Amino acid sequence: KLRNLMRGSVSIPHTSRETTEPPAKKSCTMAHRVHPEPMEELKEGSPNTEPMKGLKNGALEPNESDPATMERGARPSTLRRTGSFLTKSVSSVNLGAAEKKHYDGDIERERTKLEREVLARQQAAEALIEGLTATPEDPTRLYVPSMLKGALFCGHLVTDMDSIAGAIGAADLYSGLACRASEVNSETAWCLERWGCEKPPPIEEMLEQHPDAGVCLVDHQQTSQLNPAIPAKRIVGVIDHHALQSETIVTEMPIFIDIRPWGSMSTIITHGYMASGRKPPPAIAGMLLSAIISDTLNLNGPTTTQWDKAMVAILAIIAGVEDINLLASEQFKAKSKELVGLSATQLCSGDCKVFKLKGSADKEFKIGFAVVETTDDAVIMDRKAELLPELVLGKAEKGVDFLFLAVVNIVEMRSNLLMCDAPEVALAKLAFKGPVTSTGVMDLGSRVSRKKEFVPPLTGSMAAYVPPPAKTASSNDLEALTASAKNPSELVVDPNDPHGKVMRRPSGPAEEDAAPSF
């Protein structure tokens, strides 16, 4: 099916791509189009391995036994070969001097994994892009159910790059309208500015303006992450890359579902463009590229797949990115910049997801797992005295049995886990098999993914979990650090902060005028 991505010759050029100037910023347009059916994933050892033929010793060679590859003027090197070349580990490309990045003088550095993956697929990506068009020629190639046309595409609460870029891309691909479930973070705001895209309007406004439009959820399908303004009866689709948990949405009628085990939802949308033979506008390509980079941690994360790598190589060319490493660096700087000014409440709640897990005797537990990704984890870890009491309070307010906070260093690819009480410590020891400091911190080593490396071990350990005795603190130090959580407090929004900083202040008649705690 990969040959249906494009028409015409896709022979791989042997010369390097000439340097071109990045395209001028363009607005993300939502033109009405009809598009084709997404391809099935190719897996070795499955019935879909036929398109892998023609790859000999890592090189692209024609499969002359397949008539489809010889049609239209006997062009043997079809996209079937190009697609395989893009998604398989590439060893035939001799990068030579490209293995290192040279600067003025004698300074040089080794290429990052992100750069190597993109450079290794560059020629195959260029060949594929040559056959893409701005509009599809064949409306039967991508299945688009009627309910998606004109639908509102909306991501999850605590909006991130993947949910915004995915909504923008899906709205363009499926002829709908992009929306946002909540305010964007600093990384997303930077990317919108960088690629010249307008921020999607709030879903609440769009639901009122388009009362007959359905809603397609992107990057989520859990009710705990759903904007409460979205009625379940209006949900007509889901495009996601996360596991189905106990709080997955329930609908009365069949809906469109596209869930794939890839590193980013924006990879799915990009693949949809390729399947339709369409080239996304440069601005949208840039947004999708930034989203994949963000979700896969520069293609270093454990959820990264060959499909993510392939789509990044394609999008980098379409978006006119000459230095992929510089883009990633600037993007993550923008992401980390916001953390410095965030309150303990925002750090513990900003990216917190709740899961229902079953323990022994089918007893159900709710686990909250918050993640803070930063380039400088020491700055966050130095705030343990603020964060641990906030975890105690957040645990009660969220109504969960456990609440964890993982601080992930996205440069060094390592994490630390913060725990506020004895139950968290007991479960973490079962799940991650590591020691816990007297202040409730466990070194998680190279684990960095909540979806793949944090939640699954917790899930697998619940059956063996035994609640510690009541009122048993894990240590005197941890008990002292969380003592302030016993004082009544309330959440308020700083009226003087332009970003609406949420913080906690003491509550009660005698302390109404007390200063907020940052």
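**View 1. Strands β8 and β9, side by side.** In this predicted model, D240 of β8 has I259 as its bridge partner in β9. That pair belongs to a parallel pairing of β8 with β9, strand β9 being residues 256-259, and four bridges hold the pairing. How many residues of β8 are buried? Six of the six are, so β8 is largely enclosed by the rest of the structure.

**View 2. From β8 across to β7.** Now look at β8 (residues 235-240) and β7, which run parallel and are joined by four bridges. Which residue of β8 does V215 stand opposite? V215 faces I235 there. Further along, V218 stands opposite I239 in β8.

**View 3. The two faces of β7.** As a general point, side chains in a regular strand alternate between the two faces of the sheet. Strand β7 covers residues 215-218, and both of its faces are covered. V215 and L217 sit on one side, C216 and V218 sit on the other, and all of them are buried.

**View 4. β7 meets β5.** Strand β7 also pairs with β5: the two run parallel, with three bridges between them. One residue to pick out is L152, whose bridge partner in β7 is V215. V215 turned up earlier too, standing opposite I235 in β8.

**View 5. M147, in the loop ahead of β5.** Where is M147? Find it in the loop between α4 (122-130) and β5 (152-154). Buried or exposed? M147 is in between: at 33% relative accessibility, it counts as partly exposed, because that class runs from 20% to 50%. Leaving out residues up to four places away in sequence, M147 touches V236 and P254. M147 also lies 9.9 Å from G176, C-alpha to C-alpha, although 29 residues separate the two in sequence.

**View 6. S175, a residue with a positive phi.** S175 sits in the loop between α5 (161-173) and β6 (177-179). Its phi is near 65 degrees, which is a positive value in a residue other than glycine. S175 is also buried, because its relative accessible area is 8% and the cut-off is under 20%.

**View 7. N298, another positive phi.** Go to the loop between α9 (282-295) and α10 (306-318) and you'll find N298. The phi of N298 is near 60 degrees, again positive in a residue other than glycine. Why does N298 count as buried? Its relative accessible area is 16%, and buried means under 20%, so N298 makes the cut.

**View 8. Helices α5 and α8 packed together.** Two packed helices are described by the angle between their axes and the distance between the axes. For α5 and α8 (residues 265-276), the angle is about 20 degrees and the axes are 8 Å apart. The two helices are therefore roughly parallel to each other, a term used for angles under 35 degrees. As for handedness, α5 passes α8 in a left-handed crossing.

**View 9. Who touches whom between α5 and α8.** On the α5 side, the residues in the contact are D162, A165, G166, A167, G169, A170, D172 and L173. They meet M265, S266, I269, G272, Y273 and S276 in α8. What does this contact hold by class? It has seven nonpolar, five polar and two charged residues.

Key. Residues numbered from 1 in each chain as written. Predicted model: local features only at pLDDT ≥ 70, side-chain atom pairs only at ≥ 80, totals over all residues. Heavy atoms only, no water. Buried < 20%, exposed > 50% of the residue type's maximum accessible area, 1.4 Å probe, protein only. Contact = heavy atoms within 4.5 Å. Pairing = 2+ DSSP bridges. Axes fitted to C-alpha atoms, helices over the stretch in contact; angles between N-to-C directions. Parallel < 35°, antiparallel > 145°, perpendicular 65-115°, else oblique. Left-handed = near helix turned anticlockwise from the far one by under 90°. Nonpolar A, V, L, I, M, F, W, Y, C, P; charged D, E, K, R; others polar.
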